[in-house]
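Subject: Structure handover

Hello,

Here is the structure I promised to pass on. Please have a look, then read my notes below.

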Amino acid sequence: MIRKIIHIDEEKCNGCGACVTACHEGAIGLVNGKAKLMRDDYCDGFGDCLPGCPTGAITFEEREAAAYDEQAVLENKQKKAAAAAAPAHSGCPGHQMHQFDRKPAPTPAAGTAMPSQLGQWPCQIKLVPVNAPYFNGAKLLIAADCTAYAYANIHQEFMQGRITLIGCPKLDAVEYSEKLTAILSQNDIRSVTVLRMEVPCCGGLEHAAVTALKNSGKFIPWQVVTFSIDGRILDR
């Protein structure tokens, strides 16, 4: 039958998972870091997922699709409820629980505490002024919030000598690329380093930075460093 159903533009999707949470029918899942309509018959066509998408990746279209199956949706919800009662995890990988068996680190000798390497304030992407004087000639560090907690040596290894901007595309639910483009375009930025976690929702931060680099029209050396949730560098 021809009916109204959602369409997900994978090019715009940043993998934040907001639509997965917003879809009460369980029609959307994350596959390889991108939102995907899993089953046509789970989508009721009401579009509860549309307002939650920060990048506008979800729209309506009319096409040949299976009819909405309320009974199938109910059965799927019951399966998910049963799974939720067990230790197994479903949903956004960034929400999955882990506990790490850490050995206590040696306590530093008195007076040897490591100094902060934060070079400016504010540091939130949403709050920082576009034309702040410290951007001129700066090496820019764009870091996901969680990286500072996952990787112990972030101050000395990454923040030292750089201007640090932090954000979380899932919690802020904003598209950072426009502001980052303005910062790169209007200032003399010497390099860009992006720090992200391995979870799919961090792809939104990397996507925003890469988009800003392209839109700035400048050739700026850049790199992306990915951390595991237990604090290892996976890729750089």
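Start with helix α7. Its buried residues (under 20% relative accessible area, 1.4 Å probe, protein chains only) are Gly203, Gly204, Leu205, Ala208, Ala209, Ala212, Leu213 and Ser216. They pack against β5 (139-144), β6 (163-167), α5 (169-172), α6 (177-186), β7 (191-197) and β8 (222-227). Contact here means heavy atoms within 4.5 Å. Helices (H or I, at least four residues) and strands (E, at least two) are DSSP runs, numbered from the N terminus.

This is a predicted model: local features need pLDDT of at least 70, side-chain atom pairs need 80 or more, and totals for chains, interfaces and linings use all residues. Residues are numbered from 1 along each chain as its sequence is written, and side-chain values use heavy atoms, without hydrogens and water.

Just after α7, glycine 217 has a positive phi of about 75°.

Next, the largest nonpolar core. Such a core is a set of buried Ala, Val, Leu, Ile, Met, Phe, Trp, Tyr and Cys residues joined through side-chain atoms within 4.5 Å. This one holds 38 residues, and Phe135, Leu140, Ile142, Leu180, Ile189 and Val192 touch the most other members. β5, α4 (154-159), β6, α6, β7, α7 and β8 each give at least two residues to this core. Another core, of 19 residues, lies apart from it and includes Ile6, Ala27, Tyr42 and Ala65.

Last, aspartate 235, in strand β9 (residues 233-235). Not counting residues up to four places away in sequence, aspartate 235 touches Val224, Val225 and Thr226.

Best wishes

Technical notes:
Buried < 20%, exposed > 50% of the residue type's maximum accessible area, 1.4 Å probe, protein only.
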